[in-house]
Amino acid sequence: MPDHRTMSETDEIRELIASAIDGDERAFAELIRRHKARIVRLVARFGRTPADLDELAQDVFIKAHRALHRYRHDAPFEHWLCRIATRCCQDYLRRLYRRRWFTSLDALRDAGFEPAPADSTDPRVETLRLALRRLPPDQQTVLTLFELEGHSVRDIAHFTGLSESNVKVRAHRARLALRAEFDLIARSETRARPPHESA
């Protein structure tokens with residue numbers, strides 16, 4: 001492995017990538033160590049269970065290892081990894097969407113897993129998350145990256161392969177769809193409550 005003591009971070013990453021491409025597994029392990037927290041945080045926005053989260057993170061790094069020789073240094077390495085992670089998450093959401101399987105947050109909490117930091121005890125937060133999960137995968141992806149991860153339109157375009165104008169259109173449509181799903185779930189929950197709770 002290269003000596004990193006006098007290198008800039010960018011030069012270190014370049015050296016690690018070059019070494020990893022040449023077969024140095026310690027160099028690739030160092031790349032993972034430096035970027036694992038960021039990637040795990042991203043995929044945790046999408047993973048429904050601890051097992052799914054582990055599988056998604058592992059899938060990202062396996063695909064990154066296989067594609068490392070194609071990295072061209074034209075964008076930060078972290079952005080390149082986030083693009084791979086985004087596509088892995090989209091594939092995962094498509095599989096779930098085809099099965100129409102949506103796990104409640106209560107079930108996740110019972111399993112000891114919180115997919116995203118809980119910043120409110122407001123029941124509307126759970127309704128909002130459930131509504132998000134009912135959106136088509138592409139809309140879930142754009143809204144998650146935009147609203148939960150705080151990425152720019154340009155970053156999302158890079159991660160997803162969409163044009164910036166398409167990202168804006170999808171985000172707008174996704175917000176409208178999210179509002180409709182939220183209202184639908186909220187009305188359903190209101191009807192399901194006993195009369196004394198609705199009063």
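How many aromatic pairs does a search of the whole structure find? I started my notebook page with that one, keeping in mind that I am working from a predicted model.

**Entry 1, aromatic rings.** My search of the whole structure turned up three aromatic pairs. I looked at Tyr-71 and Trp-80: the ring centres are 5.3 Å apart and the planes meet at 55°, so I logged the pair as tilted. As a reminder to myself, the distance of the centres and the angle of the planes are what describe a pair of aromatic rings. Next I checked burial, and found Tyr-71 buried and Trp-80 buried as well. I then noted that Phe-77 joins Tyr-71 and Trp-80 in one aromatic cluster.

**Entry 2, a charge over a ring.** Which residue lies over the face of Phe-146? I found Arg-175 there, at 5.1 Å from the ring centre.

**Entry 3, cysteines.** How many disulfides does the count come to? I got zero disulfides, and I wanted to see why for a couple of the cysteines. For Cys-82, the closest cysteine sulfur belongs to Cys-89 and is 9.9 Å away, which is too far for a bond, since the sulfur atoms would have to be within 2.5 Å. For Cys-89, the closest cysteine sulfur is the one in Cys-88, and at 6.9 Å that is again too far for a bond.

**Entry 4, burial of those cysteines.** Are Cys-82 and Cys-89 buried or exposed? I wrote down 1% relative accessibility for Cys-82, so this residue counts as buried. Cys-89 comes out at 0% relative accessibility and therefore counts as buried too.

Key: Residues numbered from 1 in each chain as written. Predicted model: local features only at pLDDT ≥ 70, side-chain atom pairs only at ≥ 80, totals over all residues. Heavy atoms only, no water. Phe/Tyr/Trp six-rings, centres within 6.5 Å; stacked < 30°, edge-to-face > 60°. Buried < 20%, exposed > 50% of the residue type's maximum accessible area, 1.4 Å probe, protein only. Lys NZ or Arg CZ within 6 Å of the ring centre and 35° of its normal.
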